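Biologist: Could you walk me through this one? I'd like to hear the reasons behind the labels.
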Amino acid sequence: MQKLTKGKITLLFLIILLLPLYLSSQTKIKVVDIENNLPIPNASIYDRLENLLGYTDDEGTLCLTSHQDKILIRADNFLAKSETVGNFDKTIYLFKDNSDKNSDPKALYFLKKMWENRNKNNPDFLPNYKFDSYVKFTLDVPSDSIKFIPDPKKKLDSLNNNIKKLLEKSKVFIGERTMVYEYDRRYGKKALVTAYKAGGFDKPEFFNIAISQSLVNDYPEILKPRELQSNVSRLVDSLYINSRKTYVVYTYSRGKSETQFYRNLTVFIDAESYALVKLIGNTSKVSNVYYEISYAPYKNIWYAETEYMKTEILSSSFIKKINKILPKGLHSITRLTTTATVESHFLNFRSPEIYTSKDFNGYEYEISKSVSHNVDEKISSLRTDSLTKKEENTYTELHRIFKEYKIEPKLRFLRSLTSGELELGPLSMDIYSLFSHNLYESFRYQLGGHTNYKFSKDVQLGAYIAKGTRDKEVKGGGEITFYINKKQGGELTIKAETDVLPIGRTKTKYLTPKDELSAKPNNIYNSNYFTYRKFELSYQQDFFKNIDITFSVDYQRQRANFDYMFKNYDPNAWFNYVNTAIRLRYAPNVKYIETVTGKSTLKDRPPYYYFTYSKSWNLFENSTATHRLYLSALYSFMSKWGTTEFIGNLGATFGDTPLMNTYEGMGVAKHGNSIWARFSVKGFQSFETMNPSTFFSDRFISFQFTHHLRPIRVNEFKSLYFALLYKGLLGGMSNKDYHSLFEFEVPRDYYQEVGFEANKLLLGFVGVGVYARLGAYKKRNLDQNLFVKLTLDL
């Protein structure tokens, strides 16, 4: 026997030491016949570029020694099939041309029981619990998506090669996050972000990049019975996982091409509890999403132990479209596939835990005040695997690139544009109100803003000044806000302002920046305004985490800026009011997060409910006592036909009051004798065929129905977006004769209109709509009932 030298012994030791690491990096693929669950030997497996990776052995298996995103499997007498590859070993089922297309009744039964028992098997079935989580988010582009240019002659050629070199050693992006999840059946849920980092960002907390949410014990929507009703489902195996009998169900729906499957899932179901044990597979009907989720048993429930989700962001078809506008030097980017991966690990699950109500104060999601302290130490303590060399390089490369090109300040600027505020040091300037137009002021210019967290985290100062080119008044206001209960969004505000408003319309609270921008066209063709001067004290707070309530008291003076007289009051007189009000917004599906800069919206979707009650007190000369109620609701429904949006409004004023404080019909139509003379821009939650300041009521009901049809795909680059609209208004007024010198109508008969829109035709947000007035207020000439408008889908 040959004597082993010291060097060979060292080499042998290193091989033994590194062998487990080598083996653990492999992904084991097993190919079987779906009809009989028998292995398929000698099946050819290719990478996404159709380079041969190898053949399956007699057991139908092949170990992939290199990382693969997608593979293609071919075998004699079987249909070819493409598969997404993740971290788990996986079994791939192949089909023959004559494969049975019927579902197995047992498989359907197990899938149904799994969904029906999801709440009983969920950790929320426990009285309380607590666990930690670690999440890694990456964006990656395979380096072979770009061809290397051996002899670069142009700057674009060199840029092409530099990008390829970068992708060979680095991913496009990486971010990590650690959190603590807490739950108590009595008090609710709490998710605290303890640390996060994002490649290239010095202060990632201001961008909320790492707050991508995982399922966190919720089953994916693709497992809903109605989602699987068009699938073929088969019981393919039973085995033991966690020493428990587990059924293996394979469910799929075939796509248009031979190798494409819209849905391709392997579902592991516990035989005793019908809990979801593991899910492997992908769905691509809307977007290509690949799942690998495993659950672990704990005291008669199952909690998510690991999640791995991968989503294709940019496909080759998209890049072909981009290549039409790229310089020819970059046309080598033709097989680019950008994938986003979210890898989550849930650790240290424990129950029972002892909690008090104080532990759940504030919003469900919160960023720890110490989130930026000892970040690397907190993250590394919860990592289950070390970062790869490529992932480590990503942090280094992104930090260098962000510094060199000053990307973070530019992203802050873009973020400011979407929020409507431009951050200038300790000041945030309101950019959505810089310019507007109406027929009373003509062009209105406004400069204003407020201080931000850099000035103070406890106090905010705000002010604005405005001037129209037609009227002589200078408008302006100022306010100071004290943050006195941050856990519940408590804000005490003192405000004073002098400004103008259209009659019958008041400033709407709780509008988002996007809503405010969309509402800019509402007053373009309105000329009837009144001046108000107001001093207000208000307190706002979020109750029960989804109910926002504002209490206010104000002293206000109003004067009409048009020919108008209320009862026998002097037409030029100022009306004086002391008003008290309560305003409420209930949004059950909205999720907020408490950040270092204040409350931020994490998830926002309907329904929304609004309620306002205000009382005017008759305490001064030229004053009236009234009660005013306003209710509004917005719903949104999705179906196979598209998305339906419904807005309902109800208002009532009890007591006599000038026209300024009644309800205007929200007409936004432009005056004109022909269709093209009336061509304008669509409003926001408005009536497109109604002229401004023509319909008023002190009690009304209205609704707006909009159905957005499912997009119609013209080709791989273009889709058409159509919408159908129907709107109605009915109102009344107790004493119309109290209002004189000004002509208007009361919608005692039902006002209605219909519309058809083709949206996003230009620039991704500009479209066109046609609207028609119907019913009692329809005019004799058809031309006078039609309005054509631009639509802006912001």
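Modeller: Sure. Keep in mind that this is a predicted model. Of the 794 residues of the protein, 48% count as buried.

Biologist: What makes a residue count as buried?

Modeller: Its relative accessible area has to be under 20%. In this protein 48% of the residues pass that test, so they get the label.

Biologist: Why is strand β30 called mostly covered?

Modeller: β30 runs over residues 591-595, and four of its five residues are buried. Those four are each under the 20% cut-off, so "mostly covered" fits.

Biologist: How do you know that β30 and strand β31 pair?

Modeller: Two strands pair if there are at least two bridges between them. β30 and β31 (residues 598-603) have five bridges, so they count as a pair, in the antiparallel sense. Within that pair, Y592 stands opposite T601 in β31. The two strands also form a hairpin, with two residues between them.

Biologist: And what makes strand β18 a partner of β30?

Modeller: β18 (residues 365-367) shares two bridges with β30, and the rule asks for at least two, so this counts as a pair as well. Here the sense is parallel, and Y365 stands opposite I593 in β30.

Biologist: What about the protein as a whole: how many helices and strands does it have?

Modeller: There are nine helices and 44 strands. Also, among contacts with a separation of 6 or more, 62% come from residues 24 or more positions apart.

Conventions. Residues are numbered from 1 along each chain as its sequence is written. This is a predicted model: local features need pLDDT of at least 70, side-chain atom pairs count only at pLDDT 80 or more; totals for chains, interfaces and linings use all residues. Side-chain values use heavy atoms; hydrogens and water are left out. Buried means under 20% relative accessible area, exposed over 50%, partly exposed in between (1.4 Å probe, protein chains only). Contact means heavy atoms within 4.5 Å.
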